[in-house]
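Here is a short tour for anyone who would like to get their bearings before going back to the bench. Have a look at the structure first, and then we can walk through it together.

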Amino acid sequence: MIEIPARFNVVTTQLFQFFGSPVRVEVAAAYAMPLLGVTILLILIQRLMTRRKGFVALTGKGGERRPILLGRWRWPMFGYAMLVATLSVFLPYLFLLQASFAKAWGRGFGLDNISLRNFHFVLFEHATAATSVLNSFLYAGASATAAVILTLGVAYIAARRLVPFGGVLGFLCLAPFVIPGVVLAIGFYAAYAPPPLALYGTALILILAFTTRFLPIGYVNASAAIRSLNPEMEEAVRVLGGNRLTALRRVVAPLLKRSLLGAWLLIFIPATRELSASIFLYGPNTKVASVMIFDMSEEGNFEYLAALALILQILTLPLLWIGMKALGRDFMLRRNAT
Amino acid sequence: MIKLSLKNVSRRYGTVEAVADFSLDLAPGEFVSLLGPSGCGKTTTLRMIAGFAPPSGGTIEMDGELISSPSGVVPPEKRRMSMIFQSYAIWPNMTVGENVGFGLEVRKLGRAEIDRKVDAILDIVQMRGLKRRYPAELSGGQQQRVALARAIVVEPEVLLLDEPLSNLDANLREEMRFEIRRLHDEFKITTVYVTHDQSEAMVTSDRIVVMNKGRIEQIDAPHVLYARPRSRFVAGFIGRTNFLEGARQGDDVLFDGFSAKAAMLGAANSSALLYSLRPQAIGLSAARPNGGRLAVEAEIAARSYLGEYWDYQVRPLAAAKSLRVSCPPNSVFEVGGRIWLEIDLSDLVRVE
């Protein structure tokens with residue numbers, strides 16, 4: 001997004017331009033292949049390196065962490081740490097904040113430069129800005145739910161070996177991880193936009209794309225959660241007369257509630273800001289907040305952009321909090337003796 | 001009358017034969033243990049009885065009805081059995097009461113009846129006061145009691161236990177052995193109990209099936225198994241023993257350091273005979289004993305005092321190897337001293 005105006009082309013921006021009018025899907029698809037190949041290659045190399053002996057993250061020994069006394073280096077080191085944080089987090093956020101309240105962001109900080117006009121505009125006056133935020137949350141919620149349910153099923157089937165080659169299913173769930181968002185979007189466009197499906201411009205194509213993109217997050221979480229469950233707990237259900245479904249409903253699901261909700265949030269939050277796939281797949285009525293923000297930056301409306309981004313941020317936070325609350329009490333913890 | 005019948009049951013994993021030619025009939029209300037070292041196929045056998053694994057060969061019948069064969073298996077939920085797992089498999093998301101009531105709920109009993117039955121069984125396992133606790137708030141022994149209550153409350157046709165005590169500490173394990181036997185005496189449920197601990201099997205069982213490498217070595221009551229082991233494996237696995245190698249020579253069998261009349265030993269005409277002689281079947285005395293028993297002069301090679309008994313190592317004067325002898329704490333002999341061994345030849349058990 002930063003690079004296009006600077007005429008500094010990278011593969012992804014070039015791909016985006018193939019989607020400008022006239023749309024040349026075949027060219028884009030062909031152009032995406034090397035990107036896909038390189039990504040897969042890099043991931044294979046990374047796997048090879050981490051598989052080697054000696055790459056151990058958890059040793060099982062309780063190591064003691066003790067503070068290192070830095071002496072007179074204490075404050076310089078602190079300054080360095082803060083500099084990194086400032087450059088990467090504080091500064092961008094500070095200017096985002098400033099711009100969202102500014103009458104004109106170029107005029108800098110100052111009391112006379114503060115107004116709520118930007119918020120009023122994006123929330124009430126702009127034709128699609130408010131809807132786009134709503135869309136983002138709706139689609140992200142739908143795809144997070146779909147991805148969690150799908151991957152829970154697949155992870156269960158793979159872990160309990162209910163069908164032969166269940167591992168292949170698991171591998172397929174992880175596959176989108178190596179596919180860049182743009183490439184995935186082009187694939188989705190090519191597959192779903194033309195008839196007979198003709199999903200282009202519908203909410204469904206966006207939800208499907210998000211679900212697919214974040215399937216790996218769901219799968220990794222779901223399979224880790226299921227592997228932490230002793231299968232004897234399900235066998236106990238069956239021997240007492242319940243079938244597999246009863247076991248899933250009464251034992252597996254309640255026990256995995258926490259990790260599944262965690263997975264849901266891990267998908268939901270990045271899905272609300274997904275840009276690389278949605279920018280290819282949105283239609284006139286299905287614009288999402290990330291695309292809206294992109295459009296505003298194209299138009300140079302940085303004050304509106306900042307206000308919208310801030311709204312998106314602020315709406316996400318309480319959702320996180322509600323999510324944590326909804327998890328309920330952890331029954332694995334001892335209550336105070338009654 | 002046969003409750004549960006296994007006929008020539010076998011189970012293969014690839015080329016590995018986990019269980020081979022396993023046949024066993026259980027009478028109603030009988031308590032049978034499957035005993036053997038890890039990897040002997042006892043848990044596999046139990047899981048086949050439960051219906052979690054189909055047999056590769058042979059059949060399993062309950063009340064004369066076929067429930068397992070290589071061509072089809074009645075699923076676990078339709079067998080009216082109960083199983084207690086090594087991990088207890090108590091559901092941590094349910095309270096004690098909910099855990100115990102689950103099987104009754106699945107059987108669609110009324111709320112009032114469930115409550116009544118759950119309370120009754122919790123009284124029996126002394127857990128009534130903890131009904132509303134969650135499993136994470138219970139000790140290991142209490143969790144085990146919940147698992148027992150949960151399995152028994154549904155009044156199963158057959159109760160299966162898979163090393164239920166192996167996660168408990170030694171004291172609790174001993175207490176729970178008697179608890180399991182007590183519950184069995186109270187409810188008379190036909191029970192199959194898997195363990196690798198011989199004293200666990202001996203305390204709880206009417207009969208013990210000793211298994212080794214997927215095969216049955218011997219099926220007998222605990223005292224018979226101890227007194228009359230049929231194989232070297234059984235003699236060595238159940239309690240401690242001395243193995244004596246003997247060779248037939250004319251009317252005698254020659255052992256290391258002494259000999260005995262072959263007629264008394266029921267010995268075959270073979271040069272390689274093996275006998276098992278339990279350490280407490282050998283008597284020690286300072287003077288030469290008279291009577292019909294075999295007397296062998298020996299020397300005390302070593303001794304250790306174990307509180308409940310003395311463990312002596314004695315070497316017959318003409319022998320190369322020593323024997324182990326258990327004596328009551330008041331029979332004190334010094335190391336290096338001469339003593340007489342007293343052996344009743346009927347205690348020498350011929351093993352394969």
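## Chain A and its helices

Let's start with secondary structure: chain A has 13 helices and 0 strands. Read from the N terminus, the order of its elements is α-α-α-α-α-α-α-α-α-α-α-α-α. Please keep in mind as you browse that this is a predicted model.

## Burial and contacts within chain A

How much of chain A is buried? Of its 338 residues, 31% count as buried.

The contacts inside the chain are worth a look too. Among those in chain A with a separation of 6 or more, 71% join residues that are 24 or more positions apart.

## Where chain A meets chain B

Now to the interface. Here 20 residues of chain A are in contact with 21 residues of chain B. On the chain A side, helix H9 (231-239) and helix H10 (244-272) each supply at least two of the residues that touch chain B. Which element gives the most to this side? That is H9(A), with 6 residues.

If you like to think in terms of chemistry, the side of chain A that touches chain B is made up of 10 nonpolar, 5 polar and 5 charged residues.

## The domains of chain B

Turning to the partner, the domain assignment of chain B gives two entries: domain 1 covers 4-230 and domain 2 covers 240-350. How far apart are their centres? Taken over C-alpha atoms, the centres of domain 1 and domain 2 of chain B are separated by 40 Å.

Terms used: Residues numbered from 1 in each chain as written. Chains lettered and ligands numbered in written order. Predicted model: local features only at pLDDT ≥ 70, side-chain atom pairs only at ≥ 80, totals over all residues. Contact = placed C-beta atoms within 7 Å. Helix = DSSP H or I, 4+ residues; strand = E, 2+ residues; numbered from the N terminus. Nonpolar A, V, L, I, M, F, W, Y, C, P; charged D, E, K, R; others polar. Buried ≥ 20, exposed ≤ 12 C-beta atoms within 10 Å, placed from the backbone. Domains from an automatic or database assignment.
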